[in-house]
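Dear colleague,

Please find below the structure that I am handing over to you, together with its sequence. My notes on what was found in it follow directly after.

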Amino acid sequence: MNQFIHVGFGNLVNTDKVIAVVSPESAPVKRMVQTAKEAGTAVDATQGRKTKAVLVMENGQLVLSALLPETIANRAQPGREEMDEA
């Protein structure tokens, strides 16, 4: 069964397809984002806000999010819903 992570502003990403969630501050990640934008493989889910996390997907696409990587990682933890309800 597919599970999805909310990456901000009503956008969802399939957790099975995410390889990594990284901060966009380092030079290699900045180059990776620029290359993906030029190639058309970047999905901008920031709604015009500052990019705070980059999700690297299985198919090589990048998803740019305005949420912090820690926030996205916490949302991806299995069993998180049960802990929130308790």
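I begin with the hairpin formed by β5 and β6, in which four residues lie between the two strands. Glycine 60, in the turn, has a positive phi of about 90°. Please bear in mind throughout that this is a predicted model.

**The hairpin and its sheet**

Strand β5 covers residues 53-57 and pairs with β6 in the antiparallel sense over four bridges. Two of the partnerships can be named: valine 54 has leucine 64 of β6 as its bridge partner, and leucine 55 has valine 63. Strand β6 (residues 62-65) is also joined to β4 (residues 42-44), here by three bridges and in parallel. In that pairing, alanine 42 is matched with leucine 62 of β6.

These pairings belong to an open sheet of four strands, ordered β3-β5-β6-β4, whose pairing is mixed. At the edges stand β3 (18-22) and β4, each of which pairs on one side only. On average, neighbouring strands of this sheet are turned by 20° against each other, direction ignored. Helix α1 (residues 27-39) packs on the sheet and touches β3, β4, β5 and β6. The direction of helix α1 makes about 110° with that of β6.

**The side chains of β6 and the cores**

Which way do the residues of strand β6 point? Leu62 and Leu64 point one way, whereas Val63 and Ser65 point the other way, and all are buried.

The largest nonpolar core has nine residues in all: Ile5, Val7, Val13, Ala45, Ala53, Leu55, Met57, Val63 and Ile72. Strands β1 (4-8) and β5 each supply at least two residues of this core, and the largest share, three residues, comes from β5. A second, separate core has seven residues, among them Val33, Ala36, Val54 and Val56.

Valine 63, a member of the largest core, deserves a separate entry. Apart from its neighbours within four places in sequence, valine 63 is in contact with Val13, Val43, Ala45, Ala53, Val54, Leu55 and Met57.

**Two buried polar residues**

Serine 65 lies in strand β6. With a relative accessibility of 0%, serine 65 counts as buried, because the cut-off for that class is under 20%. The side chain of serine 65 reaches the backbone oxygen of valine 7 at 2.7 Å. When residues up to four places away in sequence are not counted, serine 65 touches Val7, Thr46, Lys50, Thr51, Lys52, Ala53, Leu55 and Ile72.

Asparagine 14 is part of strand β2 (residues 11-14). Asparagine 14 is likewise buried, its relative accessible area being 14%. What does the side chain of asparagine 14 reach at 3.0 Å? The partner is the backbone nitrogen of aspartate 16. Asparagine 14 also touches Asn2, Gln3, Phe4 and Met57, again not counting residues up to four places away in sequence.

**The salt bridge**

How many salt bridges does the structure hold? There is one, formed by lysine 17 and glutamate 58, with the closest N and O atoms 3.8 Å apart. Lysine 17 lies in the loop between β2 and β3 and glutamate 58 in the loop between β5 and β6, so the pair ties together parts that are 41 residues apart in sequence. Lysine 17 is partly exposed, at a relative accessible area of 39%.

**Backbone points to inspect**

Most residues other than glycine have a negative phi. Two loop residues should be viewed against that background. Phenylalanine 9, in the loop between β1 and β2, has a positive phi near 55°. Phenylalanine 9 is partly exposed, with a relative accessible area of 40%. Glutamine 47, in the loop between β4 and β5, also has a positive phi, of about 55°, although it is not a glycine.

With kind regards

Note on methods: Residues are numbered from 1 along each chain as its sequence is written. This is a predicted model: local features need pLDDT of at least 70, side-chain atom pairs count only at pLDDT 80 or more; totals for chains, interfaces and linings use all residues. Side-chain values use heavy atoms; hydrogens and water are left out. Buried means under 20% relative accessible area, exposed over 50%, partly exposed in between (1.4 Å probe, protein chains only). A polar contact is a pair of N or O atoms within 3.5 Å; within protein, one must be able to donate a hydrogen and the other to accept it, and residues adjacent in sequence count only if both atoms are side-chain atoms. Contact means heavy atoms within 4.5 Å. Two strands pair if DSSP finds at least two bridges between them. Axes are lines fitted to C-alpha atoms, for helices over the stretch in contact, and angles run from 0 to 180 degrees between N-to-C directions. A nonpolar core is a set of buried Ala, Val, Leu, Ile, Met, Phe, Trp, Tyr and Cys residues joined through side-chain atoms within 4.5 Å. A salt bridge is a side-chain nitrogen of Lys or Arg within 4 Å of a carboxyl oxygen of Asp or Glu.
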